[in-house]
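Hi there,

Here is the structure I promised to pass on. Please have a look, and then read my notes on the charged pairs and one helix below.

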6 protein chains.
Amino acid sequence: MAENAIVRADGRSFDQLRPVTIERGWSAQAEGSALISFGGTKVLCTASFTNGVPRWLTGKGKGWVTAEYAMLPRATNSRNDRESVKGRIGGRTHEISRLIGRALRAVVDTKALGENTIVIDCDVLQADGGTRTAAITGAYVALADAIEWGREKKFIGKNSTPLIDSVSAISVGIIDGVPMLDLPYVEDVRAETDMNIVVTGRGLFVEVQGTAEGAPFDKRELDALLELGVKGCAELREHQIAALEA
Amino acid sequence: MAENAIVRADGRSFDQLRPVTIERGWSAQAEGSALISFGGTKVLCTASFTNGVPRWLTGKGKGWVTAEYAMLPRATNSRNDRESVKGRIGGRTHEISRLIGRALRAVVDTKALGENTIVIDCDVLQADGGTRTAAITGAYVALADAIEWGREKKFIGKNSTPLIDSVSAISVGIIDGVPMLDLPYVEDVRAETDMNIVVTGRGLFVEVQGTAEGAPFDKRELDALLELGVKGCAELREHQIAALEA
Amino acid sequence: MAENAIVRADGRSFDQLRPVTIERGWSAQAEGSALISFGGTKVLCTASFTNGVPRWLTGKGKGWVTAEYAMLPRATNSRNDRESVKGRIGGRTHEISRLIGRALRAVVDTKALGENTIVIDCDVLQADGGTRTAAITGAYVALADAIEWGREKKFIGKNSTPLIDSVSAISVGIIDGVPMLDLPYVEDVRAETDMNIVVTGRGLFVEVQGTAEGAPFDKRELDALLELGVKGCAELREHQIAALEA
Amino acid sequence: MAENAIVRADGRSFDQLRPVTIERGWSAQAEGSALISFGGTKVLCTASFTNGVPRWLTGKGKGWVTAEYAMLPRATNSRNDRESVKGRIGGRTHEISRLIGRALRAVVDTKALGENTIVIDCDVLQADGGTRTAAITGAYVALADAIEWGREKKFIGKNSTPLIDSVSAISVGIIDGVPMLDLPYVEDVRAETDMNIVVTGRGLFVEVQGTAEGAPFDKRELDALLELGVKGCAELREHQIAALEA
Amino acid sequence: MAENAIVRADGRSFDQLRPVTIERGWSAQAEGSALISFGGTKVLCTASFTNGVPRWLTGKGKGWVTAEYAMLPRATNSRNDRESVKGRIGGRTHEISRLIGRALRAVVDTKALGENTIVIDCDVLQADGGTRTAAITGAYVALADAIEWGREKKFIGKNSTPLIDSVSAISVGIIDGVPMLDLPYVEDVRAETDMNIVVTGRGLFVEVQGTAEGAPFDKRELDALLELGVKGCAELREHQIAALEA
Amino acid sequence: MAENAIVRADGRSFDQLRPVTIERGWSAQAEGSALISFGGTKVLCTASFTNGVPRWLTGKGKGWVTAEYAMLPRATNSRNDRESVKGRIGGRTHEISRLIGRALRAVVDTKALGENTIVIDCDVLQADGGTRTAAITGAYVALADAIEWGREKKFIGKNSTPLIDSVSAISVGIIDGVPMLDLPYVEDVRAETDMNIVVTGRGLFVEVQGTAEGAPFDKRELDALLELGVKGCAELREHQIAALEA
């Protein structure tokens with residue numbers, strides 16, 4: 001089937017993002033924050049800046065950026081038990097928290113950050129596919145503001161530039177043999193192959209995580225997915241710029 | 001000092017609520033939901049309706065209503081570790097979850113609800129004092145919509161009226177000897193006595209929880225606080241009606 | 001029904017306490033201790049005095065008093081699993097531990113206590129209603145002895161008076177429309193409204209926790225309950241004095 | 001040094017037990033109970049009888065007896081954190097619980113018990129050495145009464161004899177080269193070798209657990225310890241008989 | 001620097017695997033097992049076959065394959081605390097367990113497997129980089145034998161072919177700008193980009209997980225890494241065949 | 001039945017060990033290691049040497065030796081859930097870890113060890129009875145090598161002799177009334193009495209742990225078991241010497 005002939009359930013073309021909104025500064029408490037939405041997916045990202053670093057990093061003249069991801073129990077169509085009630089964090093949560101942290105550290109010069117710590121919390125208020133990619137994209141905005149806050153408070157030197165690039169992320173997948181951009185939940189569950197791509201503002205890859213949920217994929221399919229993902233991330237980059245300039 | 005002469009930091013009089021907003025139906029996923037704000041305090045309340053009851057209640061012809069309260073890590077001025085990461089729920093969280101559940105059950109006829117379960121999640125997105133009272137007040141709106149949903153889905157009989165009253169809650173306290181209504185964080189930490197009052201739409205008490213944080217209090221002070229609280233809850237009742245009629 | 005006409009299952013009048021015993025110094029190990037009974041409810045209260053304070057309080061010239069409440073697995077009519085085996089402390093346990101700690105701190109001048117910590121353990125050996133109020137009442141006796149021990153050991157200055165008042169607690173409730181004092185288990189489960197009242201030796205309120213288990217209550221009922229509770233606490237005060245003077 | 005010349009700190013001879021008391025039926029709630037003391041060691045033993053067995057034993061026509069041991073936080077000279085607060089049970093607690101359970105099962109004919117479960121809780125209220133042996137000795141009394149209760153309630157057949165023997169336990173140790181019976185805490189910490197011996201009423205061994213805390217021991221020393229232990233258990237047997245006949 | 005000119009610390013060329021050994025049937029207990037080594041990395045893989053499936057899958061006529069990965073505390077150069085002692089599984093462990101499970105399920109026809117469950121345990125006995133890829137490669141051998149066992153026991157139908165392909169995995173990375181195959185620990189820590197590739201016997205991708213540890217990477221580098229990985233997996237496929245035919 | 005007439009399922013006589021192998025230095029990572037087998041039981045023992053001691057021992061001029069025991073999930077005939085997944089360590093694991101630690105400390109002069117810590121990990125790769133005794137026997141070899149390593153690294157003084165004796169362990173039991181040495185799983189489950197004996201190279205007892213699983217035992221049986229155990233440990237001592245001299 002020709003890609004161009006596809007009409008998706010929500011009317012988008014195969015290479016089109018869902019509507020993106022970024023409410024920068026949503027939180028009155030955090031040093032940086034953004035409420036980001038990719039269609040029905042809504043993630044509240046807050047950045048907490050603290051002076052000092054964890055003990056294992058003390059005295060090395062470097063800062064630390066880390067992230068925690070979580071989902072409200074009724075973010076999804078049916079309610080999930082809270083991980084705090086279960087007393088343990090699930091594998092999926094751990095995996096996504098680690099992914100977000102790596103993605104952000106890839107665009108931070110920790111020496112320029114100085115001995116400061118930024119913790120990014122990404123809490124999914126409503127989930128409709130692509131929560132980890134929305135989280136990374138929104139987290140970058142919160143991170144940028146927290147760094148700016150640190151600069152104003154003189155925790156970061158005037159001539160230091162901790163942010164060396166921007167970063168955004170998007171999901172892509174193959175459905176009925178056709179590569180698609182930005183999968184909502186209904187498409188995600190049907191995808192034969194699911195891929196999350198994290199790309200810097202300069203267009204370089206930070207993470208490429210492709211998984212054959214249904215059928216293994218070949219190099220040609222992989223290339224098509226990467227191309228779509230790079231295109232999507234470039235568009236998200238524009239949304240980030242618009243939010244940060246607002 | 002005469003009560004009327006008091007001017008609070010945010011310009012309110014001693015018996016005035018902070019601005020209240022209730023965004024009913026905030027969540028596209030839950031059977032009932034409300035994003036409620038008392039000034040800077042914002043709580044997302046979702047109600048999850050499921051057919052059936054926990055095993056210990058099976059076959060008794062009665063439904064079940066319960067609640068869970070939690071706070072996002074950066075809802076407050078400085079970041080708190082997640083309870084899911086700590087692997088255990090703190091005493092304060094437990095206490096508030098139980099309070100919300102009791103408050104809601106006080107206005108539900110569980111026989112009329114039938115063998116259905118409603119779980120209310122109250123997640124504090126931003127905290128500035130009074131989170132438990134905002135949670136109860138918003139939870140009632142989410143609960144009302146979830147019950148309506150159950151009726152439409154025929155899980156609840158046409159002639160059944162599970163909601164026998166409404167319920168709202170407010171905090172009151174004594175600061176520098178003066179009873180005050182609806183304390184934000186800066187007042188809460190200064191209060192000699194802190195009280196949370198849960199009142200039905202008919203003006204009856206469901207919960208009265210007064211604690212001497214600083215100095216023990218006498219009967220006259222207790223009466224003054226109760227009077228303020230009843231007044232505040234009556235005003236919140238109007239906000240609930242307005243939201244549910246919107 | 002006239003209150004005076006009521007005869008309770010155990011033959012008491014509506015405003016009568018169950019038999020109270022306080023075995024001061026029950027433990028040979030603790031700095032202060034009391035085995036208290038309110039009828040069939042028996043609570044072992046021990047006070048552990050240690051020099052120094054938790055890290056977050058160090059250097060402020062103030063002491064710390066805290067409490068932990070627990071129940072033996074077969075204190076009740078049927079056996080409950082141990083919280084240590086379940087690996088987590090339940091909400092009820094947390095809530096009561098916090099209540100006891102607040103009640104005791106309300107009568108302690110932590111500056112006069114100096115940088116010393118007193119941990120009160122209240123372990124319910126047998127439960128028949130009112131365990132939290134018996135715990136507070138017995139804990140005061142253990143606390144008083146631990147403070148005396150600290151004074152003898154010179155951890156507390158000769159002229160310091162850390163105990164600024166005494167404190168006791170009692171449960172009250174409305175059963176079949178009649179307010180009653182000191183509910184045993186069989187009455188507790190039938191109560192429409194259940195209230196725990198913590199009162200100082202001077203007759204001031206430290207905590208007032210009223211909950212409508214069955215039907216919401218009005219101001220007149222609340223006042224009747226408060227009056228009964230104050231009366232009961234005054235009688236408990238006499239038992240405390242007798243124990244401490246023995 | 002000749003054994004007979006030894007005078008122990010508490011005035012006992014090397015082969016003498018500390019004063020033993022057994023308050024049978026201490027608990028008004030449990031089906032069987034005993035508050036046992038070996039000198040300053042006090043253990044509350046309760047036996048909870050329930051009809052039915054754990055799932056893994058269902059349908060085999062056999063009953064189940066198990067035990068849980070724990071210590072109150074201030075049973076000892078300095079306070080220990082609660083295992084419920086730590087969220088995990090320590091190795092020592094596990095080990096002793098398992099020992100008590102095995103000791104009791106050694107004298108129970110589980111077929112004669114029928115599909116019933118008896119859980120023995122041994123809570124150390126005050127600790128001064130030998131807590132596990134006091135627990136076993138007191139648990140037997142609680143167990144005997146719980147079995148009698150089951151017989152009265154007809155859960156156990158009239159002609160069934162689940163108790164095939166009695167069981168008691170004592171600690172022995174070598175101090176300064178001299179074997180001693182029933183070590184209090186001050187002796188226990190000084191013992192080169194520490195042994196716990198569990199013996200049936202007929203004088204057979206159920207458990208022999210000897211540990212060289214200081215110096216390894218030879219066969220002659222082992223024999224001397226066993227002889228002392230058998231003697232001590234025989235005396236404890238008399239105390240058990242007296243308590244059960246009271 | 002030309003790839004061909006590179007000499008690695010262990011003398012390998014850039015596209016050469018470390019010595020691979022597969023001891024099939026290492027465990028006398030499991031239905032399938034393999035002790036696999038990639039150089040100094042040694043992983044014991046066991047497959048446990050049980051009749052029946054988890055409750056959530058019951059009655060769907062499909063089987064289940066899952067995996068758990070863990071590392072002995074002293075598998076690495078310095079000792080790590082046990083996850084059982086810490087009481088929680090780390091994010092890395094979760095992530096790798098999930099990866100192994102997905103990789104194996106990609107080559108299993110769960111309908112053909114019938115309602116049977118196979119749990120693969122991959123325990124790293126010694127770690128020197130590439131533990132997750134060795135685990136996947138060895139797990140396939142254990143899985144194949146467990147399926148054969150199930151067929152012999154008639155749990156799997158004679159004409160069913162649950163294994164639809166083979167699967168192996170290898171790590172690749174960019175070090176000093178040069179793509180390299182199969183990184184030992186010393187290379188892994190220096191890699192700018194690290195990628196794990198899971199490939200079927202037919203040469204299709206199951207997982208592609210590339211992470212920029214140091215510098216983001218471009219499409220050309222990604223392609224070079226993929227090519228190396230496919231080559232390595234093909235060679236591992238030969239080792240698997242040899243082991244299974246032995 | 002005469003002992004000499006017994007033929008065991010594996011053809012051994014009543015007083016014969018299973019084949020013993022000790023692969024010293026199995027791990028390339030640990031300071032000392034041994035893969036020991038007693039018939040089908042295989043335990044990997046590694047010793048981790050670190051300079052310094054736990055905080056509670058600091059400054060006392062003494063070292064510390066401790067041990068942790070664990071079993072791979074499929075070491076046994078059917079798979080057991082991982083303790084890391086269950087989030088808690090079982091009583092049996094705790095008990096055996098403590099036993100191994102005590103056994104090793106009995107032959108170590110901690111003053112001569114200096115302020116160094118040795119952690120012994122005993123991981124059962126395959127289980128067929130006697131895992132704790134194989135663990136102790138192998139752990140001694142790993143310990144001896146770790147101490148030698150510490151001496152070479154000058155963490156231990158040239159003239160210090162931390163190892164004051166050797167130690168080995170074996171299980172014995174009574175089956176059908178006949179005492180037997182070194183029980184494999186099939187015998188272990190049938191044993192009326194089960195005993196683990198830990199003996200030093202000089203033939204002194206470190207631990208004697210006898211348990212009546214079926215019928216209580218008398219002094220004559222105990223003596224027969226001890227004699228068998230001492231004989232078995234002496235033979236294991238020869239295997240240890242051979243391994244350490246290899």
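By salt bridge I mean a side-chain nitrogen of Lys or Arg within 4 Å of a carboxyl oxygen of Asp or Glu. With that criterion, a search of the whole structure gives 132 salt bridges over all chains.

Some housekeeping before the details. This is a predicted model, in which local features need pLDDT of at least 70 and side-chain atom pairs count only at pLDDT 80 or more, while totals for chains, interfaces and linings use all residues. Residues are numbered from 1 along each chain as its sequence is written, chains are lettered from A in the order in which they are written, and side-chain values use heavy atoms, with hydrogens and water left out.

Let me begin inside one chain. A:Arg18 pairs with A:Asp128, with 3.8 Å between the closest N and O atoms. The two sit 110 residues apart: A:Arg18 is in the segment before strand E1 (20-24) of chain A, and A:Asp128 is in the loop between strand E5 (116-126) and helix H4 (131-152). Helices (H or I, at least four residues) and strands (E, at least two) are DSSP runs, numbered from the N terminus. A:Arg18 is buried at 5% relative accessible area, whereas A:Asp128 is partly exposed at 24%. For these words, buried is under 20% relative accessible area, exposed is over 50%, and partly exposed lies in between (1.4 Å probe, protein chains only).

Next, pairs between chains. E:Arg98 meets A:Glu95 at 2.7 Å, N to O. Each residue lies in helix H2 (residues 91-105) of its own chain, so this salt bridge joins chains E and A. Here A:Glu95 is buried at 8% and E:Arg98 is partly exposed at 32%.

B:Glu95 and C:Arg98 form a salt bridge as well, at 2.8 Å between the closest N and O atoms. These two also come from helix H2 (residues 91-105), of chains B and C respectively, so the pair joins two chains. B:Glu95 is buried at 9%, and C:Arg98 is partly exposed at 31%. There is also a network, in which salt bridges with shared partners join A:Glu68, A:Asp121, A:Asp123, B:Arg79, B:Asp81 and B:Arg82.

Finally, helix H4 (residues 131-152) of chain D. Its 22 residues should span 32 Å (1.5 Å times one less than the number of residues), and the end C-alpha atoms are 31 Å apart, which agrees. Of those 22 residues, 18 are buried, so H4(D) is largely enclosed by the rest of the structure. After H4(D) comes D:Lys154, which has a positive phi near 70°.

Best wishes
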